[in-house]
Amino acid sequence: MKSISIKDFLASKKDFKIGDHKTDYKADIPKEEGEKLLNSEKEKLYDLQEKLYADSSQSLLIVIQAMDAAGKDSLIEHVFGGVNPQGCEVTSFKTPSSKEYGQDFLWRHYLAVPAKGKIGIFNRSQYESVLVCKVHPEYNLKERVWDDVKDFDKKFWDTRYESIRNFEKHLANNGTRIIKFFLNVSKDEQKQRFLDRINEEDKNWKFSSGDVVERGYWKDYMKAYEEAIQETNTDYAPWYVIPADKKWFTRLAALQIIIDTLEDMNLKFPEVSKEEKEALQKLKIELENEK
């Protein structure tokens, strides 16, 4: 079977442009072969998650950002559906509550950071504050710190990017490995998925008229994503731009990046001392002789 190089998806740190990344790329892998590879690689993920849990010295945080209908939920379902739920937690960040607006914009994200030994998945994240809130700067007024949208100048956004970089650097310095995914879907593919949600009754519940409204800001969102990735793409929290027009390939690429990251963390099962092994053998004999 063909393999995937995760370097194909790593965002460049200089002059990053979304347009340089194809939304329909599939590495010349046939769909049937890709789906078989996905299933076999999921077994690796299960084993690595168990090792991460047993090692308990590090954690893995996966940030997923995308336009509506890019496949965030289905990626989480198909990639993590078989892992031990005790060692994996998904947090979906919706519009902040009044309590959350009463704190700094990173507060609720700190609360969801995975404990050592676990995988944490942010379905949307701290980046909403420099994406949707950049396209709609009036949302920032709900934090009750600023009085006018004119306050949201370049200095304001530079400070937000700096806060996010510092947040991620702090986590990385304290044992959390971070990888960030931008699911890069084309505008045409998003349109088709919206139509599918309308035409297929069992998908109607997924459709929101607000999604179509936000689609009207496509260029603004692409600019916001481009700037956010440029400003926060670091060695300790890299961005991966994953083609999202073909969901099966999106899942396969994301899974490969996760596996490679876990393997690079040099995880180990706890070693059992000579004394502990001798004690185990004694207990084994007791159990075998038990009547």
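A salt bridge is a side-chain nitrogen of Lys or Arg within 4 Å of a carboxyl oxygen of Asp or Glu. The model is predicted, so local features need pLDDT of at least 70 and side-chain atom pairs count only at pLDDT 80 or more, while totals for chains, interfaces and linings use all residues. Residues are numbered from 1 along each chain as its sequence is written, and side-chain values use heavy atoms, with hydrogens and water left out.

Q: Why is the contact of Lys180 with Glu168 called a salt bridge?
A: The N to O distance between these side chains is 3.0 Å. The limit is 4 Å between a Lys or Arg nitrogen and an Asp or Glu carboxyl oxygen, and therefore the pair qualifies.

Q: What makes this a link between distant parts of the chain?
A: Lys180 belongs to strand β4 and Glu168 to helix α6, 12 residues apart. Helices (H or I, at least four residues) and strands (E, at least two) are DSSP runs, numbered from the N terminus. Both Lys180 and Glu168 are buried, a word reserved for residues under 20% relative accessible area, with exposed meaning over 50% and partly exposed in between (1.4 Å probe, protein chains only).

Q: How do you know that Glu143 and Arg160 form a salt bridge, and are they buried or exposed?
A: Their closest N and O atoms are 2.9 Å apart, which meets the cut-off. Glu143 lies in the loop between α5 (132–135) and α6 (154–173), whereas Arg160 lies in helix α6, 17 residues away. Glu143 has a relative accessible area of 14% and is therefore buried; Arg160 is buried because its value is 6%.

Q: Why do Glu100 and Arg108 receive different accessibility labels?
A: Glu100 is at 24% relative accessibility and so counts as partly exposed. Arg108 is at 12% and so counts as buried. The two residues form a salt bridge, with the closest N and O atoms 3.4 Å apart.

Q: How many salt bridges does a search of the whole structure find, and which residues are linked in a network?
A: The search finds 15. Asp68, Arg124 and Glu128 are linked in a network of salt bridges.

Q: What makes β2 and β5 edge strands?
A: The open sheet has five strands in the order β2-β3-β1-β4-β5, with parallel pairing. Strands β2 (88–92) and β5 (239–243) each pair on one side only. The twist from one strand to the next averages 20 degrees.

Q: How do you know that β4 and β5 pair?
A: Two strands pair if DSSP finds at least two bridges between them. Strand β4 (residues 176–184) is joined to β5 by five bridges, and the two run parallel; the requirement is therefore met. Leu183 stands opposite Ile242 in β5.

Q: What is the angle of helix α9 to β4?
A: Helix α9 (residues 218–232) lies across β1 (59–66), β4 and β5, at about 155 degrees to β4. Axes are lines fitted to C-alpha atoms, for helices over the stretch in contact (heavy atoms within 4.5 Å), and angles run from 0 to 180 degrees between N-to-C directions.

Q: Why is Ala69 called buried and Asn266 exposed?
A: Ala69 is buried because its relative accessibility is 8%. Asn266 is exposed because its relative accessibility is 55%. Ala69 is in the loop between β1 and α2 (72–80), and its phi is near 70 degrees. Asn266 is in the loop between α10 (247–264) and α11 (274–288), with a positive phi of about 55 degrees. Most residues other than glycine have a negative phi.
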